[in-house]
Amino acid sequence: MSAVADEFTAPSTLSRREFLQRLQAMGGLLLVADGLRIVKAADAAPKYGADGMPHGTVDNPLVFLTIGDDGWVTIVVHRSEMGQGVRTGMPLIVADELEADWTRVRVQQAPADEEKYGNQDTDGSRSTRHFLDPMRRCGAAARMMLEQAAAQSWNVPVTEVHAANHEVLHQKTGRKLSYAMLAKRAAKLPVPGANALRLKTAEEFRYVGKGGVPLVDGHDIVTGQAQYGIDPWFKDMSFAVIARSPVLGGTVKQFDANAAAAAPGVQKVLQMPAPVAKATFHPLAGVAVIANSTGAAIAARKLLKIEWDDGANGSYDSDAYHASLQESARKPGKVVRESGNVDSAFQSAAKSVEAEYYIPHIAHATMEPPCGVARIIGGKVEVWAPTQAPQVTREDVAKHLGTPAENVTIHVTLLGGGFGRKSKPDFAIEAALLSQAMDGRPVKVTWTREDDLHHDFLHTVSVEYLKAGLGADGKVGAWLHRSVAPSLATIFAPNTDHEVGAELGMGFINMPYDIPNLRLENPAAAAHCRIGWFRSVSNIPHAFAVQSFVSELAASAGKDHRDYLLELIGPARKIDPNSMQDHWNHGESPQRYPVDTGRLRHVVETVTQEAGWGKPLARGRGLGLAAHYSFLSYTAAVVEVDIDEQGRIVVPRVDVAFDCGPQVNPERIRSQLEGAVIMGLSLAMFGEITFKKGRSQQDNFHQYRVTRMNEAPADIRVHLIPAPDWTVPLGGVGEPGVPPIAPALCNAVYAATGKRIRRLPIKDQARRAT
Amino acid sequence: MELQINDKTITVAAEPELPLLWVLRDLLGMTGTKFGCGVALCGACTVLVDGQALRSCVLPVGQAAGKKITTIEGIGATPQGAALQGAWQQINVPQCGYCQAGQIMSAAALLQTKPNPSDADIDAAMSGNICRCGTYLRIRTAIKQAANHEGQTK
């Protein structure tokens, strides 16, 4: 079926309620993960994990691997590499089960083709989680076919042969045949079914879980040979930049291109198609300048005179919007989870504590801005794009060009950062449209940094109101949390005015604390810019608010934060997400993936012990703690700050304890967590996109600051919690490191200075009163 | 105009005001040097011009003519560049890798002037290079390793 969110492309007047009813009416439909792609289940039974994703999984070794006459094994990776290490990790699984020698393995990137490869959406921290088993089956099936081929050529029972390190041995006679010699015969054999496979035991793994494998693209990256989406180059290619409507939904009223068209190197100036009511992944309205170099196009674009019609979002002002979110958060809203009697519990509480938190829009700011290359030869469209969503890219390009998807090839390049931005392929569609306008000539479209910060699919903006009633013993007896934020579903259904299940289930509704009386509410909020998913998505505001508030409660109760948090988590138990009204659960089975408070406790205990929680600290120093469950993984962080007399914050050290279940490539798990620390510090210290008159106010890295070398912690210690065995289902890795960092940092600022930070970014809020 | 790039003389027809970055990437197809911000704020486009690390996104190509330009494609021919590229791979520095060309170029310029840089030297030389994936710790480690390696082989 069409994988895009076509089910969402209902009339834009569809109310949120109708929208939900529509969803419910389509019994058997699952709203899967943050991708908002919908799968129609064949029966009413819910499908979980990879089975719930469009096109599911494929485990056919004939699709994913080839063995050449020269002995080289080529393994296909069908997910996108954006720094998380999937081009190393996924082939490593296949190679291990195959008993291949890693030094004779090549990796090949799959084009967009989900019918062939299974789901390719690289988001939701689920590539390894969903494809560990299928990739193991791929490798194991191929290994068994090679063994079968060897047994046949020696005319011995297959039980007497054994594959090891790129060859098959006959133990009795000591004969050996290399994979190269066996490949042709093996490929003609039937592929063993899943039930007939003999998978390796954990003890037999050579690469999985070991971490000694260098990066597949390491050499190409350090020598400048790696191909990102911005890099394809053809001699006759044209280079484009686009002046886009500064306001979401705005259109070009009129424009004067005379000066731009006469500028050096300019080949063409043309208007982009008008936008549609739903943002989806549609290119924005605007005027494109095509030239013989990107630099010439950028210079000429400055000469365009465009009169915009801003449309309905032309009055969007982030300060006014903040005030409106606060107003909503201070009144009762839609109840999304309730247990006990929170109102009477507040009345009987010894004291109550309340706080309100604000987390602004943040931009992805991938170092490679959105970009893409397209050419059309004989009606066949080729696109090179740094896309996290190859299949969606293919279908959207086809739709916009009015050609069947079979005519569109998407070459997935390396991504110079993704973080969720490159799940929306508007940039690839732009390249294809511009190539079409240039009669099929290759065109590269590049977003400048200004374009990127002005037209991102931004992280939502949120006000989180919390109130707790404490008993005389300091324990929480009542808990009220209101989360109010525009939903990312608004890009598909603009009138969506509440957080959808995939947002509620990110650390809000599924808060697993041991509290007898609680009520969670989600007041309405409208969107006025494109909201998208940013690495760890709604976990960012939810974790910031809840983890900051727990620190506030501990201080109010006069207790140690760690002890208080552990008491709040309560005893080790496995909670059915459904019992918390979380019917999403990252698209995974609630039986297979309950929320395990024992594991949450363990990361808190580990990180505090490793970080020396409670150790004496010099004046100006402080430790801050936060823990968060997201993407089926458990993360806790302790941030140490050193704050000088001027209130300048230095972060000398961060400890992170992480439990994602079994670890396929621990080395890349560590690097993801190191990176998540930096990204968390960036958004906490500096991250904010503001709007005036519907326009993003940040132009470049001087106004949208991110953490730099001199601001990065000198010491990041990642403590990986080993899984008891490989029967434990995998958790996500790419995203769950981010959410605890901002609250841990702010809690550390409090520990060092007594100053509470309730509004991000911190900027100079730690400045001491003089 | 004639440019000296990675020890080769290359003739290119370009407006002298066009930033060197676009001459390299778009006119010559040398795409190892990356675009990140266009205003010398992120360092992704760093090249060496007569040994000095410069942001090619704001350097008019006319000003680079007649000077010795080194890009990521050529830095491996220098001892510092080779040591850095080796250390970068041993330590698995890159995540997405997009900024790493610029990082290595800045680090190469640093090692050419300070063979054994202190942490403060590294901060000063490298803080103009943004890595959004957050590989700073490993970059620091790799620079120190490359510096040690350089010291041993000399």
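This tour moves through the structure stop by stop, saying what to select and what is found there.

**Before selecting anything**

The model is predicted, so that local features are described only where pLDDT is at least 70 and side-chain atom pairs count only at pLDDT 80 or more, while totals for chains, interfaces and linings use all residues. Residues are numbered from 1 along each chain as its sequence is written, and chains are lettered from A, with ligands numbered from 1, in the order in which they are written. The predictor gives the complex an ipTM of 0.98 and a pTM of 0.95. For chain B the mean pLDDT (the predictor's confidence in each residue, from 0 to 100) is 96, and 97% of the residues of chain B reach 70 or more.

**Stop 1: where the chains touch**

Select both chains and look at their contact, to which chain B gives 45 residues and chain A gives 50 residues; two residues are in contact if their C-beta atoms, placed from the backbone, lie within 7 Å. On the side of chain B, the elements that give two or more residues are helix 1 (20-27), helix 3 (79-90), helix 4 (100-113), helix 5 (119-126) and helix 6 (136-153). Helices (H or I, at least four residues) and strands (E, at least two) are DSSP runs, numbered from the N terminus.

**Stop 2: the two domains of chain B**

Next, colour residues 2-70 of chain B as domain 1 and residues 75-153 as domain 2, with bounds that come from an automatic or database domain assignment. The C-alpha centres of these two domains of chain B lie 20 Å apart, and their contact takes 15 residues from domain 1 and 13 residues from domain 2. On the side of domain 1, strand 3 (46-49) and strand 4 (52-55) of chain B are the elements that give two or more residues, and strand 3 of chain B gives the most, with three residues.

**Stop 3: a mixed sheet in chain A**

Now turn to chain A and select strands 3, 4 and 5, which form an open sheet in the order 3-4-5 with mixed pairing; two strands pair if DSSP finds at least two bridges between them. Strand 3 (65-67) and strand 5 (105-109) of chain A stand at the edges, each with a single partner strand, so one side of each has no neighbour in the sheet. Strand 3 and strand 4 (residues 73-77) of chain A pair in the antiparallel sense over three bridges, and here Leu65(A) has Ile75(A), in strand 4, as its bridge partner. Add helix 3 (residues 86-98) of chain A, which packs on this sheet and touches strand 3, strand 4 and strand 5.

**Stop 4: an antiparallel sheet in chain A**

Further along chain A, select the open sheet of three strands in the order 6-7-8, whose pairing is antiparallel. Its edge strands are strand 6 (161-164) and strand 8 (175-178) of chain A, each pairing on one side only. Strand 6 and strand 7 (residues 167-170) of chain A are joined over four bridges, and His162(A) stands opposite Leu169(A) in strand 7. Helix 5 (residues 127-154) of chain A packs on the sheet and touches strand 6, strand 7 and strand 8, while helix 6 (residues 179-187) of chain A touches strand 7 and strand 8.

**Stop 5: Ala164(A)**

Finish at Ala164(A), which is found in strand 6 of chain A. Is Ala164(A) buried or exposed? Ala164(A) is exposed, because 12 other C-beta atoms lie within 10 Å, where a residue is buried if 20 or more other C-beta atoms, placed from the backbone, lie within 10 Å of its own, exposed if 12 or fewer, and partly exposed in between. Leaving aside neighbours within four places in sequence, Ala164(A) is in contact with Glu99(A) and Leu169(A).

Terms used:
Axes fitted to C-alpha atoms, helices over the stretch in contact; angles between N-to-C directions.
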